[in-house]
Structure formats: C-alpha cells, structure tokens
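Student: I'd like to learn how to read the aromatic rings in a structure. Can we go through one together?

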Amino acid sequence: MSHILIVDDEVAIRRALEKFLTELGYKVVTAGDGEEGLKLLEKYPIDLALVDLVMPKLDGIRFIRKMKISAPEVIPIVLTGFGTITSAVEAMKAGAYHYLTKPFELDDIAALIQTALDHKNLKKENRLLKKHLHEKYRFDNIVGKSDEMQAVFDLIEKVADTDSTVLIMGDSGTGKELIAKALHFNSARRDKPLVTVNCAAIPEELLESELFGHMKGSFTGAVASTQGRFLSANGGTIFLDEIGDMSPKLQVKLLRVLQERRFEPVGSSQSVEVDVRILAATNQRLEEAVKQGKFREDLYYRLNVIPIHIPSLKNRDGDLPLLLSHFINRFSRQNKKEIMDVTDKAKKLMANYSWPGNVRELENTIERIIILKDKGTIDVADLPEKIRGNAHLAKTQGDFELPEAGISFKNAITNFEKTLILKALEKTGWNKNKAASLLKINRTTLVEKIKKRGLEKTAEK
Ligand SMILES: Nc1ncnc2c1ncn2[C@@H]1O[C@H](COP(=O)(O)OP(=O)(O)OP(=O)(O)O)[C@@H](O)[C@H]1O
Ligand SMILES: [Mg+2]
C-alpha cells in the first residue's frame with residue numbers, strides 16, 4: 001500500500017484530495033505547510049508527495065529541495081494555483097516529477113499518481129534484482145575473517161575477472177570448489193557455463209572422451225558423436241577438479257589445450273578450437289608429484305600461473321566460531337528450527353578438535369546435530385564422539401574424567417601426542433627446531449613423530 005503526503009495550506013483542497021485518494025486505497029497524511037510536511041516525512045513511509053507551491057513558512061520549492069535531501073526516494077508532484085511557466089520550471093528544476101495547475105481534474109491526479117508510483121516500483125525492483133544477483137555471486141557465502149582467508153579473498157578479487165589459469169590447492173573440504181565458483185561468477189564469463197569435471201571420479205579410459213568428446217564409432221560403445229565438456233564450456237569456464245589424478249596421456253592433451261586452446265576429439269583428426277578459462281584444483285602436493293615423475297612439470301607450470309593455497313581449517317585463526325554460526329543459521333532455517341546457541345564447553349571442544357575433514361566436516365557435523373536436536377542449546381553431549389573424545393586430551397591435568405565406557409589408552413596417548421606436537425608447531429610458527437626444544441625432545445624425534453602421525457601435510461607450510 002502506497003503512502004501519499006499532501007502539503008497544501010488550503011483546507012478545502014487537502015480535504016478533497018484526502019477523501020478521494022483514501023477511497024482509491026492509498027494511505028494519506030496531510031500537512032498545512034512545508035515545515036509540518038517535513039515532520040510527517042520522518043514519521044511515515046511516504047512514497048509520493050503532492051505539494052502546493054505557495055504556502056506560509058516553508059514554500060513548495062524549498063520544501064522539495066529539503067525533501068530531496070532528507071527523503072530522496074519520495075516522488076514530488078507539484079500542484080499550483082499560480083501556473084506560470086517560471087514557477088513550474090523552477091519546481092521541475094528542484095526535482096519535481098510533474099506538475100498540475102489548479103483547478104485540476106481528480107481523475108488526472110489519480111492517473112499521474114499511478115504512473116509515478118509504477119515507475120518508482122519498477123526502479124526499486126530493478127535495484128533489488130541487481131542487488132540480489134550481485135549478492136548471490138559475491139563471495140560473502142565464503143565465510144572467513146582469518147588473515148589467511150582474507151589473503152585468499154584479496155587474491156580472488158584480483159584474478160577473478162581475468163582469463164588467467166588458476167590452480168587451487170588445499171586439503172580435502174577446505175572450500176576449493178566454492179572458490180572456483182567465486183572465480184567464475186566474478187568474471188566476465190559469469191553468464192556463460194561453468195563446467196566441472198572431477199578427474200578422479202571418471203575412469204581413465206572414459207575421461208578423454210568426457211573432456212574432449214568423441215566421434216561416432218571411435219571406440220566400442222561410442223554410438224554417437226558427443227561434444228565433450230571442453231566444448232560445453234565454450235565461452236565460459238571449465239573447472240578440472242582433482243587434477244592430480246589425471247593420467248600421463250591426458251596430461252599431454254591438456255597441456256596442448258592450455259597452450260593453444262585447441263584439441264582433437266577422440267577418433268577425429270580435425271582439431272577444434274575453444275575459448276575457455278581453465279581452473280584446476282587438487283588436494284595433492286603437485287610439486288611432490290612432479291618430483292616423483294607422476295605429474296608433468298610443464299603442465300604443472302602451465303596450470304600454476306596463479307596458485308591459490310587454501311589453508312586447512314585448523315590453521316585459520318578465528319574462522320571456526322564464524323563458520324559455526326554460519327552453519328547453525330543455515331541448517332536451522334533449512335530444517336525450520338529455532339536458531340540454537342552453543343555452550344562454552346562445546347565450543348571449546350570444537351576449538352580443540354583438529355578437523356581433518358576441514359569445513360566440510362564441520363558443515364556435516366552441524367547439519368547432523370541440528371537435524372537430531374529439536375531445541376535448546378548445543379552441548380557436549382550433542383557432539384560426535386571423536387570431538388568429545390578430545391575432552392580427555394585437551395587438558396594435561398585438572399578435571400579430566402574417565403568416561404563410563406572407558407577409552408582406548410593407545411588412541412588417547414597417540415591423540416594427545418598429536419595435539420602436543422601441533423600446539424608446539426603452531427606456537428613456534430611451524431619452526432621444527434623451536435617446536436622440538438619447546439617439547440624438550442630432539443629435532444629428529446619430532447620429525448619422526450610428525451611423519452609417523454601423518455602430520456606432514458599440516459606441518460609443512
Ligand atoms: N569458507 C567457507 N565458508 C562457507 N562454507 C564453506 C567454506 N569453505 C567450504 N565451505 C563448504 O564446505 C563444503 C566443502 O567445500 P568444497 O566442496 O568447496 O571443498 P573442496 O576443497 O572442494 O573439498 P574436496 O577436496 O573434498 O573436494 C561445501 O559445502 C562448502 O559450501
Ligand atoms: Mg572439491
């Protein structure tokens with residue numbers, strides 16, 4: 001329902017307009033002069049104002065000028081008994097949408113108001129639509145305030161709107177695919193396809209034709225020609241996930257695409273040209289794979305034009321609480337439950353947990369808790385055993401309690417050892433010498449333990 005403000009010193013006109021417009025279904029408020037009008041603007045969500053030009057205290061032109069500053073969204077329409085060109089022109093210059101000279105037909109006023117409001121709504125809708133699109137594709141669905149993630153955001157911002165190849169590296173569940181999407185949707189290619197291919201999920205023999213297409217009859221079962229993912233992505237972006245799992249043969253073919261943007265479909269001798277931006281991701285240490293001869297060095301350099309390293313969740317200072325409430329909000333809304341709080345104890349346990357599955361593990365954990373719990377506050381008992389288990393390890397002394405069901409002595413010691421080593425490494429900025437002396441053990445012992453406990457990935461920074 002639209003709100004209309006009438007500002008006119010003539011009582012009869014105010015009354016007549018008020019009655020007429022109210023009957024048409026508008027909410028109407030009236031003022032006898034400009035000053036009173038300004039006060040009403042603060043009180044009501046006014047959409048449109050009918051303004052007389054000659055009034056005591058604050059005249060119509062000055063009123064419109066002030067309104068343009070304090071309430072610029074309101075549409076001013078001028079009513080004047082002194083319909084001289086000069087005052088009308090002045091009113092339009094001050095920002096009036098239109099003017100009518102007295103005496104006027106009520107129907108003319110109604111039509112003008114309707115047009116003006118439609119116009120305004122359209123503009124508002126457009127604005128909302130644009131804002132919505134923008135929000136959807138901005139990266140504020142990627143949560144993170146840690147310095148590490150802020151650096152990643154800066155990098156995304158810099159390289160998104162280029163055609164550069166980007167290699168996204170990070171442990172499993174750190175958000176590689178999310179970042180690939182952010183890159184695509186913040187590029188000029190955003191309205192074109194983003195095609196994702198998981199190189200590890202497709203059997204080696206099929207991956208080639210999946211990527212590059214094949215001609216009919218080129219291999220058993222190839223009953224029709226298919227165009228392949230590279231062509232489907234033409235004009236847009238292709239995201240090659242788990243690139244570290246690509247076979248040597250395909251690595252060669254991919255290298256050529258990277259160099260020349262052309263390839264031959266399986267069974268064809270004619271090459272096809274494509275315009276695609278290539279994004280790749282891996283949770284493997286590609287540099288290691290290169291050293292071991294499993295991944296082509298030339299391909300590695302071609303892919304690694306812009307490397308983005310996503311840190312594991314454990315190494316992002318301050319992100320856990322943020323992600324926690326992000327996921328609680330999301331899954332509560334999805335499951336139509338009231339938004340739950342988390343007890344300090346539960347928060348502490350989660351903070352001490354190592355999250356080997358990173359953000360995905362946190363996301364799944366919260367989803368499960370929200371689904372299982374009806375209301376109340378998320379507490380220690382709601383947490384999965386592996387996180388609760390840490391309760392016994394988080395402290396070296398004090399209120400440690402042996403659970404009724406008992407615990408595995410061996411696992412507890414191993415986990416505690418891991419926690420201690422990680423803590424020491426974190427405290428010393430991953431300096432193994434300093435970490436070893438902090439734990440009062442030899443560097444060699446520490447390095448051995450890091451290796452034995454599979455902590456290299458996190459340790460090597
Ligand atoms: N910073 C973040 N903010 C919000 N959600 C995130 C963030 N990082 C990851 N997620 C969510 O966690 C899940 C895992 O992310 P994603 O699939 O992008 O990770 P990945 O690195 O590709 O994992 P994998 O190596 O297992 O393929 C997704 O549901 C994603 O939406
Ligand atoms: Mg992924």
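**Rings and the core**

Tutor: Sure. Keep in mind that this is a predicted model. Begin with Phe212, Phe230 and Phe263, which form one aromatic cluster.

Student: How many aromatic pairs does the count come to?

Tutor: Six. One of them joins Phe230 and Phe263, with 5.9 Å from centre to centre and 50° between the planes, so by the cut-offs of 30 and 60 degrees the pair is tilted.

Student: Which parts does the pair tie together?

Tutor: Look up the element for each ring. Phe230 belongs to helix H9 (residues 228–232) and Phe263 to strand S9 (residues 262–263), so the pair links parts 33 residues apart in sequence.

Student: Is Phe230 buried or exposed?

Tutor: Buried means under 20% relative accessible area. Phe230 has 0% relative accessibility, so it counts as buried. Phe263, at 1%, counts as buried too.

Student: Why look at nonpolar residues as a group?

Tutor: In soluble globular proteins, nonpolar side chains tend to be buried together. Here the largest nonpolar core has 32 residues, and those touching the most other members are Leu211, Phe230, Ile238, Leu240, Ile243 and Phe295. Helix H10 (248–260) is among the elements giving two or more residues to this core, and H10 gives the most, with five.

Student: Which residues is Phe230 in contact with, leaving aside neighbours within four places in sequence?

Tutor: They include Leu211, Phe212, Ile238, Leu240 and Phe263.

Student: Which residue lies over the face of Phe331?

Tutor: That's Arg330, at 5.5 Å from the ring centre.

Notes:
Residues numbered from 1 in each chain as written. Chains lettered and ligands numbered in written order. Predicted model: local features only at pLDDT ≥ 70, side-chain atom pairs only at ≥ 80, totals over all residues. Heavy atoms only, no water. Phe/Tyr/Trp six-rings, centres within 6.5 Å; stacked < 30°, edge-to-face > 60°. Helix = DSSP H or I, 4+ residues; strand = E, 2+ residues; numbered from the N terminus. Buried < 20%, exposed > 50% of the residue type's maximum accessible area, 1.4 Å probe, protein only. Lys NZ or Arg CZ within 6 Å of the ring centre and 35° of its normal. Core = buried A, V, L, I, M, F, W, Y, C linked by side-chain atoms within 4.5 Å. Contact = heavy atoms within 4.5 Å.
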